[in-house]
Every structure is written in structure tokens, then in C-alpha cells.
Amino acid sequence: IFSYLFPKLLFLFTMNCSVEDFVRLLTDNHLTRAYAVWDPRKRQVVVSHPCLEALRAFLAADRVDYDEHEGIFLEVSPRTKVLMGAFVWKTNRGQACGGIRLREYASMEEYLRDGIRLAIGMGRKNAVAGLWWGGGKGVVAVPPAGSA
């Protein structure tokens, strides 16, 4: 079954899939929560479930935005089926601190890149301000207009 599903998952995670498709991937695997974390000992990304292997591969291969973020924690709202994420960049200066962004995303790649970049931005902003806080950001994907 893995050899059958793996190519489909890699296709899904060319990251051009919609947020709704990603939510469907999670719910089809009976997941409401998932994570991708950086393991500093192994120097690699670790994911919470085998169905997220393509996400792991995307983060591991990304040389544009991903910067060994400590964690990306995702949850599907049980009531609304909206994808919510907490993106944590670095906490060596203190707990992750940042606000919440609520917007519509055209693709899962756009959603992930936005959260990753915002977490880095919050960490740098806190450091420049002299605050002993790390970088983090909450991101909520609003469903496309007309869906519901």
C-alpha cells in the first residue's frame, strides 16, 4: 500500500495542493493534529505520521524559507474543518511570540511559506526590539469564499 500511495503523496506535496486537500489528507488518515519538528541530534525534520512524509521531504529540501524551525504544529478544527498552525522558529531567546494571521491561501505551499516567514520575522523583530522572546506565528487558513 505504501508503494501505491507514496507517488500520490509526493504529487500532492509538490505543494500546489489546496489547503482543503491537505485537510482531507489528514482527516482521511484519522488525524486532527500533526507536526513537523527539527531534530537537532539527527539534523533532520521529523513528522508525526507516515502520511506526512512528503511534507518532511518538502521542508528538508527547501533552501528558500525553511531554517530548521523548531516546530510546525497543525490542527484541523473539529467544528469548522479549518486548518490552524503554530509556526515556531527559534526559542533560544525565550518562548515563541507572535500574533495570528487569518487569511485565505491559494495552496498549501503558500500557507506553509507564509507561516515559516512570519515566524522568522517575529523572532528577528523581537531581537531588534531587545525582547527576550523567540519567533513564532499562528496561521489560520480561511476557507475560500463560497465554500462551506
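**View 1. Tyr 35 and its aromatic partner Phe 73 in the predicted model.** Tyr 35 is partly exposed, with a relative accessible area of 35%, and Phe 73 is likewise partly exposed, at 38%. The structure, which is a predicted model, holds 3 aromatic pairs. In the pair shown here, the ring centres of Tyr 35 and Phe 73 are 6.5 Å apart and the planes meet at 45°, an angle that is neither under 30 nor over 60 degrees, so the pair is classed as tilted. Because Tyr 35 belongs to strand E1 (residues 33–39) and Phe 73 to strand E3 (residues 71–76), this contact ties together parts of the sequence that are 38 residues apart.

**View 2. The edge-to-face pair of Tyr 105 and Tyr 111.** The ring centres of Tyr 105 and Tyr 111 lie 5.3 Å apart, and their planes stand at 90°, so this pair is edge-to-face. Both of these tyrosines are buried, whereas Tyr 35 in the preceding view is partly exposed. Together with Phe 87, Tyr 105 and Tyr 111 form one aromatic cluster.

**View 3. Arg 103 over the face of Tyr 105.** Tyr 105, a member of the aromatic cluster that also contains Phe 87 and Tyr 111, has Arg 103 lying over the face of its ring, at 4.5 Å from the ring centre. The ring concerned is that of a buried residue, and it is also the one that pairs edge-to-face with Tyr 111.

**View 4. Arg 93 over the face of Trp 132.** In this close-up, the aromatic partner is a tryptophan, Trp 132, and Arg 93 is placed over its face at a distance of 4.0 Å from the ring centre.

Definitions and conventions
Residues numbered from 1 in each chain as written. Predicted model: local features only at pLDDT ≥ 70, side-chain atom pairs only at ≥ 80, totals over all residues. Heavy atoms only, no water. Phe/Tyr/Trp six-rings, centres within 6.5 Å; stacked < 30°, edge-to-face > 60°. Helix = DSSP H or I, 4+ residues; strand = E, 2+ residues; numbered from the N terminus. Buried < 20%, exposed > 50% of the residue type's maximum accessible area, 1.4 Å probe, protein only. Lys NZ or Arg CZ within 6 Å of the ring centre and 35° of its normal.
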